[in-house]
Amino acid sequence: MMQTRILRGSLSLGLKARLHCRKQLPLIRTFTVATQLRNKEPIYEGAGLLLAFKDEHSANQLVDVSKVLVIGSGGLSIGQAGEFDYSGSQAIKALKEANKQSILINPNIATNQTSHALADEIYYLPVTPEYITYIIERERPDGILLTFGGQTGLNVGVKLEKMGVFERYGVRVLGTPISTLETSEDRDLFAKALKEINIPIAESIAVETVDDALAAAREVGYPIIVRSAYSLGGLGSGFAADETELRNLAATSLSLAPQILVEKSLKGWKEVEYEVVRDRVGNCITVCNMENFDPLGVHTGDSIVVAPSQTLSDEEYHMLRSAAIKIIRHLGVVGECNVQYALQPDGLDYRVIEVNARLSRSSALASKATGYPLAYTAAKIALGYTLPELPNPVTKTTSANFEPSLDYMVTKIPRWDLSKFQHVKRDIGSAMKSVGEVMAIGRNFEESFQKAIRQVDPSYIGFQGDKFEDLDEVLKNPTDRRWLAVGQALLHEGYTVDQVHELSKIDKWFLHKLMNIVNMYRELEDVGSLPGINSDLMRRAKKLGFSDKQIGLSVGAKELEVREVRKSFGITPFVKKIDTLAAEFPANTNYLYTTYNATSHDLDFNDKGTLVLGSGVYRIGSSVEFDWCAVSTARALRESGHKTIMINYNPETVSTDFDEVDRLYFEELSLERVLDIYELEHSSGVVVSVGGQLPQNIALQLQEQNCNVLGTNPEDIDKAEDRHKFSQILDSINVDQPQWKELTSIEEAEKFANEVGYPVLVRPSYVLSGAAMSVINSKVELDSKLSNAAKVSQDHPVVISKFIQGAQEIDIDGVASQGTVLVHAVSEHIENAGVHSGDATLVLPPQNLSPVIMARLKEIADKVAAAWKITGPFNMQIIKNDKNGELDDANCELKVIECNIRASRSFPFVSKVLGVNFIDVASKALLQENVPAPVDLMAKSYKRVATKVPQFSFTRLAGADPFLGVEMASTGEVACFGKDVVEAYWTSIQSTMNFNVPKPGSGILLGGDLSNAKLGQVAATLSGLGYHFYVASSSVASYLKQYVSEPIDIIDFPKTDKRALREIFQNKKISCVINLARARAEDLLDEDYVMRRNAIDFAIPLFNEPNTSALFAQCLKENIGAKQDFSQLPSNFTIPAEVKRWSEFIGGKPV
């Protein structure tokens, strides 16, 4: 059969004219499928054809640069997460292919891009104009990429341009020009630009004061949406229905950005997005269009999204597509950009909401949804390639100048972790609050939607409901649990589609599809037993995305029983390829998903590859560090000649990049799906120890179903996860642990707490990042918290133990083989025990642990590895208690509080600091091939120190108390190197997002616990540096007078008036808040809470823990005098000592 196809995509006019002239060049290729398959090595001929042109369309007219600086996005935060690791990694791959040298600045040590396998040189330094200027002075790059580092990269690029840095050093901005970035970011310029081409936008007025905002609202008319310019993920934006709401909102927003926009709200309209690519000569394609399940009013990052759009008519689709291309050409974008629209639900009226002229979270989603690598293509275009000369990287034989067609659909659902925070507001709106997202692929909406729900959290079975106090309220005003409210209404409360639509404004098409799921539940429940399910009903349920467990719950059967019956009917999933071409052309791709809505497989299964289970959705406690572990494992397995199969469903990751592994399944990490893939692929083994907690939780069941689990026996893993078994083994090998008891009743708990004395720690088994773990100081607290812990894991007991105050916490990361430790790293925490290790500041190599302690710690690691017969990675947390200096190092207590037989979040940190890839070592141990001899890395002497500092996202979580405890709260991390702790911490803390170093002459606000000398000692260190000291009460003032000679001002502290507070902070030039409260606030009028929360809301550095406050004060004392002013570009400056390449710090490129 002959196939004829013209290059697709919107070509520039000049090229179009010549393509019509067929005699000149036959650009229409005709070929048979057979000839294609005969040519083993696929080639793309488009670039060769373009060489015939003699103008700007000719191939190989590349930008003349040889060394490119890539700006990374820094620590993961809400609104700017792992998608920039993925896009930056793709950009560096594109530079490598083009033989350009790459220099990367990114202090996020957990990422894949910060490995020498990708970038040529890496700087772990703050992504600020000051440090980038130092690097440019030192490295002299001739090009820079700004659009792969999120909003951070874009903002810093605009600032560097204004300062004249690029001009002074002759650095070319590759891709989209700065003027375009400024136009897309500055609302006034943007509105003007779109008016020139008659594209409607939401009417908005830019203002810089609260009074102007109120005046603008009167002009536009309520309800109002406020947006802030130059911000990320809708930070500082929100809705206001009246003057009071607007006054408060405007005050907060103006503290985060200099200019805000007041615009008419279009709540209830549909929200649609287009991802568009344009090259230097004007060729344009729309790669993907996406539609939000939630109507306008919820930030797209917090919306459920489907791709391609499902409810648009052909007319609407093409109207918006044409507008997107018109916009991107008019603005002059070179590379990738996304256009967000509000579309009238019942007409053809639309508004452009915003244009992001950079890679965004949506572009990562679009790449994974279509298989079209947007970031890679955008980087190639930035180097000067045109779309027609680039091959489609998936098929390798067709042009990149085409629009993908899909024979499937995807659903993205965000993941929130709001329940981890006290006092947080759970509503979702125009400012993003989610910490991660999942993407599920299916052949219909029901299938992909139900898959996605289970991916968000394994405790969800699929479309389901939950209890709500006021169901109508949640349907009307969305929270993070809105889809559960829709489920409750349709499944259990008898609401009709019309009623739910009326309240939620969710399009009826989606609601009717959800009713199909509801009707299937009813049909299964009517059957009532597993033997009653026939082959037809089973098949129809599977086609609607029902899991075995879900079917089992409907008919009162166990998951594995349903599996057995299903397989006896011969019903198993089919494996399909994502080839970007909807199977119109033969494409040899390894990007796969499973579906029941098919009749055949797209490939055969002869590889017998090794399965690597990824980490799933990013959430607090499990983030990009586990993606680094999974990718490093896959690379190590491939290097040793093994075929690899990755299972993961997170669109923001490098592990879901199809060129990282032999086969990629974009699929659930459930027992059912992993078994399906394992059996289909005839896998030789499965790695469960590099993807965080999710793979651990199914390890034992996989083994029971005859899977070959590589590494430590899952029965031994279970002995570490189950607190009871864990403690018994520690006792048997004489390793100390805090006193503990297993809990069955509240009375027993009270008795135990009275025996050992408060505080006590309550913790459930099988958790990640301290879920429902809490420190309890009194009987009242004990009673209220216990009910909470019992909820976390019904099948597993809850354990209560003595909480040791004032002790030091130590992390051990190690790799063992058959019970022998091969490598280990000891990191010390700066904060005292009681701050979750994921929120703690880590120091490596440790600076305050004696050789005696180090030897004792190694002995504990050796004993534990032997007792659990560990093969592969493991991590332990240990408490060192010298009883306030009474005990020496030989006799002080070293108690093990936790042991995880898997890679931990500090694995990338220890690997990159010590210069030994722990995952490489672990992979050799897992395979039992070329296992290296044991080496004691901690016995070596190092001339460097690194500190790992947490990145918090409290700014995003309105109302949440920024107080640290045993529940993890950070969303990411950064790390920097130095000659000592002070130098390393000085740059690490500046690397956290939007950190502004307090300058002498400004004010520091102090408060907190006065029962010890800690606050006083911090003040004493800061004394004499030129700061003004402020306090909120006379008791703090008289306490501080013992420590400092400067006058201490008591400020009037209006706790409930945000505006008055803001004026006080501005008038006193408060640039830092140090609040060392003893405990979390009980209510919102607690003075310390108000101080902490407003520091966050007004974007002022906050230190709320004694040891880090003391360290930061020391940093200021040693460095603030020499800190150079970079508000403008200095005519000459000295490069500080800490500005060094990573390879200079570790002496080579071993990792």
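The following legends describe close-up views of a predicted model.

**View 1. An open sheet of five parallel strands.**
Five strands make up this open sheet, and their order across it is 5-4-3-6-7. The pairing is parallel. Strands of a sheet pair through backbone hydrogen bonds, which may be arranged in a parallel or an antiparallel way. Strand 5 (121-123) and strand 7 (172-173) are the edge strands; each has a single partner strand, so one side of each is left without a neighbour in the sheet. Strand 4 (residues 101-105) runs parallel to strand 5, and three bridges join the two. Within this view, Ile-103 may be found opposite Glu-121 of strand 5.

**View 2. Strand 15 and its antiparallel partners.**
Strand 15 (residues 335-343) is largely enclosed by the rest of the structure, because nine of its nine residues are buried. Strand 12 (residues 270-278) pairs with strand 15 in the antiparallel sense, over nine bridges. One position to locate in this pairing is Glu-273, whose bridge partner in strand 15 is Gln-340. Strand 15 also runs antiparallel to strand 16 (residues 350-356), and six bridges join these two strands. A hairpin of six residues leads from strand 15 to strand 16. Leu-343 stands opposite Tyr-350 of strand 16.

**View 3. The crossing of helix 17 and helix 19.**
Helix 17 (residues 482-492) and helix 19 (residues 508-527) have axes that come within 10 Å of each other and cross at roughly 50°. This angle makes helix 17 oblique to helix 19. The crossing of the two helices is right-handed. From helix 17, the residues Val-486, Leu-490 and Leu-491 take part in the contact. They meet Leu-511, Leu-514, Met-515, Val-518, Tyr-521 and Arg-522 of helix 19. As a general guide to reading such a view, an α-helix has 3.6 residues a turn, so residues three or four places apart point the same way.

**View 4. An open sheet of six strands with mixed pairing.**
The six strands of this open sheet follow the order 19-20-23-22-21-24, and their pairing is mixed. Strand 19 (574-577) and strand 24 (685-687) stand at the edges with a single partner strand each, so one side of each is left without a neighbour in the sheet. From one strand to the next, the twist averages 30°. Strand 21 and strand 22 (residues 644-648) run parallel and are joined by four bridges. Leu-613 has Ile-647 in strand 22 as its bridge partner.

**View 5. Helices placed against the six-stranded sheet.**
Helix 23 lies across strand 21, strand 22 and strand 24, and runs at about 165° to strand 22. Helix 24 (residues 671-681) also packs on the sheet. The strands touched by helix 24 are strand 19, strand 20 (591-595), strand 21, strand 22, strand 23 (663-666) and strand 24. The direction of helix 24 makes about 160° with that of strand 21.

**View 6. Two buried residues in the loop between strand 21 and helix 23.**
Ser-623 belongs to the loop that lies between strand 21 (610-613) and helix 23 (624-639). Its relative accessibility is 7%, so Ser-623 counts as buried. When neighbours within four places in sequence are set aside, Ser-623 is in contact with Leu-76, Ser-615, Tyr-618 and Thr-971. Ile-620 is also found in the loop between strand 21 and helix 23. With a relative accessibility of 4%, Ile-620 counts as buried. Ile-620 and Arg-902 are 282 residues apart in sequence, and their C-alpha atoms are 18 Å apart in space.

**View 7. Helix 31 and the glycine that follows.**
Helix 31 (residues 907-914) is mostly covered, with eight of its eight residues buried. These buried residues are Phe-907, Pro-908, Phe-909, Val-910, Ser-911, Lys-912, Val-913 and Leu-914. Gly-915 follows helix 31 and has a positive phi, near 80°.

**View 8. The region listed as MGS-like.**
An unreviewed UniProt entry lists residues 995-1151 as "domain: MGS-like". Over residues 995-1151, the chain is 36% helix and 14% strand. The end C-alpha atoms of this stretch are 29 Å apart.

Note on methods: Residues are numbered from 1 along each chain as its sequence is written. This is a predicted model: local features need pLDDT of at least 70, side-chain atom pairs count only at pLDDT 80 or more; totals for chains, interfaces and linings use all residues. Side-chain values use heavy atoms; hydrogens and water are left out. Two strands pair if DSSP finds at least two bridges between them. Buried means under 20% relative accessible area, exposed over 50%, partly exposed in between (1.4 Å probe, protein chains only). Contact means heavy atoms within 4.5 Å. UniProt positions are given in the numbering used here, feature names are shortened, and annotations may be inferred rather than shown by experiment. Axes are lines fitted to C-alpha atoms, for helices over the stretch in contact, and angles run from 0 to 180 degrees between N-to-C directions. Angles under 35 degrees count as roughly parallel, over 145 as roughly antiparallel, 65 to 115 as roughly perpendicular and the rest as oblique. A crossing is left-handed if the near helix is turned anticlockwise from the far one by less than a right angle, and right-handed if clockwise.
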